[in-house]
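Biologist: I am new to this structure and would love a close look at one part of it. Could you pick a residue and walk me outward from there?

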Amino acid sequence: MRKFVLLSVFICLVCFISGCAKTVNYLDYVSEKRTDIYLYSDDGVEIKVYISEKETPYTSDGIKGEMTKLTEIFVTLPRNYEEVTVSAGNANGDMNYRAVENCYYLSSSDAGISGESVEITLTLGGESNTYNAVNVLYKGVMDCDGALKCVLDHSPELFSSLTENGVFCGEIYVRLIYDEGCYYYVGICDRNKKITAHLVDGVRGKIIAVKEIQG
């Protein structure tokens, strides 16, 4: 009888521990999520629009901060102008020039951009022109949550090693990227600022590459 009671307690304990492990929702630890990219390129004008949610302030410390919606606009032109202004959705204003990337940049807390395309108006040299930037997402591309699940399935030991008492001791970055196709960068950052980066095929879910980076 005593052995039966002990065995029952052991089984209940195992089930309890297993149940606790399953309750960890790693989506709750995503501190950056880039969901959409809009592109335009013609006649020397290149426009990129990134739609994301990011922690603020943005720091790679393994701890998720408060999330805010963010729209980032990058513009490359055939030549430089003293002043470039942009309007896209609810985002508008003067763009800052970034010498290293040789492009103009504007960020907005939330431009309200969604759907298959967005009209972008640039004003430079006293002349305004409107361009249609198209969303890179196409049929069959998974979302950010799906990309994270692929990494969870591929590297369960990585997540379990950073999980203590039902708490994930790290933060997660999931960024849609585009290079003649859709991919995802999924970075797992621990409290020592070490990032384990995964490149995920956006359609097949295959892990193409894994690399460790010290932040």
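Modeller: Happily; let us start with Val-200 and its neighbours. Val-200 touches Ala-147, Cys-150, Val-151, Tyr-183, Tyr-184, Val-186, Gly-205, Lys-206 and Ile-207, leaving aside residues up to four places away in sequence; contact here means heavy atoms within 4.5 Å. Before going further, please note that this is a predicted model, in which local features need pLDDT of at least 70 and side-chain atom pairs count only at pLDDT 80 or more, while totals for chains, interfaces and linings use all residues. Residues are numbered from 1 along each chain as its sequence is written, and side-chain values use heavy atoms, with hydrogens and water left out.

Val-200 belongs to strand E14, residues 194-201. Helices (H or I, at least four residues) and strands (E, at least two) are DSSP runs, numbered from the N terminus. Val-200 counts as buried because its relative accessibility is 0%; buried means under 20% relative accessible area, exposed over 50%, and partly exposed in between, using a 1.4 Å probe and protein chains only. Between the C-alpha atoms of Val-200 and Ile-177, which are 23 residues apart along the chain, the separation is 9.8 Å.

Strand E14 also holds Lys-194, which pairs with Glu-212 of strand E15 (residues 207-214), so parts that are 18 residues apart in sequence are tied together. This pair is a salt bridge, with the closest N and O atoms 3.9 Å apart; the term means a side-chain nitrogen of Lys or Arg within 4 Å of a carboxyl oxygen of Asp or Glu. Lys-194 is partly exposed because its relative accessible area is 30%, and Glu-212 counts as exposed at 54% relative accessibility.

Lys-194 brings us to Asp-190, in strand E13 (residues 182-190). Asp-190 is buried yet has no salt bridge, and Lys-194, the nearest side chain of opposite charge, is 4.6 Å away. For charge, Lys and Arg count as positive and Asp and Glu as negative, while His and the chain ends are not counted. What does the side chain of Asp-190 reach? It reaches the backbone nitrogen of Asn-192 at 2.9 Å, and the backbone nitrogen of Lys-194 at 2.9 Å. Leaving aside residues up to four places away in sequence, Asp-190 touches Asp-61, Gly-62, Leu-162, Cys-169 and Gly-170.

Strand E12 is our next stop: it covers residues 170-178 and includes Tyr-178. Tyr-178 is partly exposed, with a relative accessible area of 39%. In the same strand, Arg-175 links to Glu-32 of strand E1 (residues 30-42), across 143 residues. The two side chains meet in a salt bridge at 2.9 Å, N to O. Glu-32 counts as buried because its relative accessibility is 2%, whereas Arg-175 is partly exposed at 22%. In the whole structure, a search finds seven salt bridges.

Two loops complete the tour. Asn-165 sits between strand E10 (163-164) and strand E11 (167-168), and has a positive phi of about 55° although it is not a glycine. At 83% relative accessibility, Asn-165 counts as exposed. Pro-57 lies in the loop between strand E2 (45-55) and strand E3 (67-76), and a cis peptide bond joins Thr-56 to Pro-57, with omega about -5°. As background, most residues other than glycine have a negative phi, and most peptide bonds are trans.

Key. Polar contact = N/O pair within 3.5 Å; in protein donor to acceptor, adjacent residues only side chain to side chain.
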